[in-house]
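Reader: Hey, can you walk me through this model?
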There are 2 protein chains.
Amino acid sequence: MSLNRIVSVLVIGAVAFVAMAARADDQDDIDYRQHIMNTLDEQMAAIQQIVQHRAPVDNLSIHLQIVAVTAATAKDAFTAKVPGGRAKPAVWANWTDFSKRLDELVASTAALARSAKDTGVEATAAKLGTLNCKGCHDIYLEEKK
Amino acid sequence: MSLNRIVSVLVIGAVAFVAMAARADDQDDIDYRQHIMNTLDEQMAAIQQIVQHRAPVDNLSIHLQIVAVTAATAKDAFTAKVPGGRAKPAVWANWTDFSKRLDELVASTAALARSAKDTGVEATAAKLGTLNCKGCHDIYLEEKK
């Protein structure tokens, strides 16, 4: 094999590797947003336990912060119009509304995190209903099969 | 019913409610730490996708921050000596080592989050191996059945 041929194979190989590494397929997009939404589920479950005094109440603020920061990654995760998983097509059909609701989730959980720090668990628990998770899930999330 | 009796019932009721609300049982302790460890799993999976360029690379720093903040809640979650779930008894038998490793996880993921912001995804990806998840899991985490 000539040196030119070897170099050529290496270059093609390198280009192919970069292209492969840089391209997320549809399943990647679905996986990524599921990691984010599962994180929100786990953290909301921890928050639920705290509100019921079944977990350390001093951690309420930090879990709400985690929800806020995680929710801030969700918009990127849903930008690619890839139906699948439990996302309803309404996510993309109503993108303006969906992304506005994600922004509101970020803002309201960040505010609740500050509330938890400043006013404690009972005062903050009373405000958690304002998150209205169900209002968004009814429109955008398929029921579990 | 006399007023005294009514007050007495209300007081006993209130005390019972507070006691019930304030007492986490063993399953609560297990549930809480599982919500935290599942969050770490989901976030590490997102980080793995980013390193493989299968998710938005600009989010690497934020996911590493979420891991750091979440890991900071794990020590509280394991403080209660409650075997169960996938935690090996070694967690409590070697508490000094286990909690030191959690502290190291917090510090190293916070440093990696800064690295991702300052030096980008490739330079940070090369350092992710230093987290040595397996080193800790081999000692403290039961295999999935």
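Author: Sure, here is a chat about how the chains sit together and how confident the predictor is.

Author: This is a predicted model, where local features need pLDDT of at least 70, side-chain atom pairs count only at pLDDT 80 or more, and totals for chains, interfaces and linings use all residues; side-chain values use heavy atoms, with hydrogens and water left out. Residues are numbered from 1 along each chain as its sequence is written, while chains are lettered from A and ligands numbered from 1 in the order in which they are written.

Reader: OK, what turn lays chain A on chain B?

Author: A turn of 180° with a shift of 0.0 Å along the axis does it, at an RMSD of 0.0 Å (a least-squares fit on the C-alpha atoms of residues with pLDDT of at least 70 in both copies). That is the relation of a two-fold axis. In chain A, the C-alpha of A:Thr39 is nearest the axis, 2.5 Å from it.

Reader: And how many residues are in contact?

Author: 32 residues of chain A touch 32 residues of chain B, with contact meaning heavy atoms within 4.5 Å. The copies meet through the same surface, because 100% of the interface residues of chain A are also interface residues in chain B.

Reader: What area is buried between chain A and chain B?

Author: About 2,600 Å², and carbon and sulfur atoms give 53% of that. Buried area here is the accessible area (1.4 Å probe) that two parts lose on being put together, summed over both. In chain A, the residues losing the most area to chain B are A:Tyr32, A:Glu42 and A:Arg54, together 23% of what that side buries.

Reader: How many salt bridges are there between chain A and chain B?

Author: Two, counting a side-chain nitrogen of Lys or Arg within 4 Å of a carboxyl oxygen of Asp or Glu. A:Asp28 forms one with B:Arg54, and the closest N and O atoms there are 2.7 Å apart.

Reader: Switching topic, what's the mean pLDDT of chain A?

Author: It is 88, and 84% of the residues of chain A reach 70 or more; pLDDT is the predictor's confidence in each residue, from 0 to 100.

Reader: Where does pLDDT stay under 50 in chain A?

Author: Over residues 1-20, for which the model has one contact beyond four places in sequence. Where pLDDT is low, the predicted coordinates should not be read in detail.

Reader: Last one, what ipTM does the complex get?

Author: The predictor gives an ipTM of 0.84, and a pTM of 0.84.
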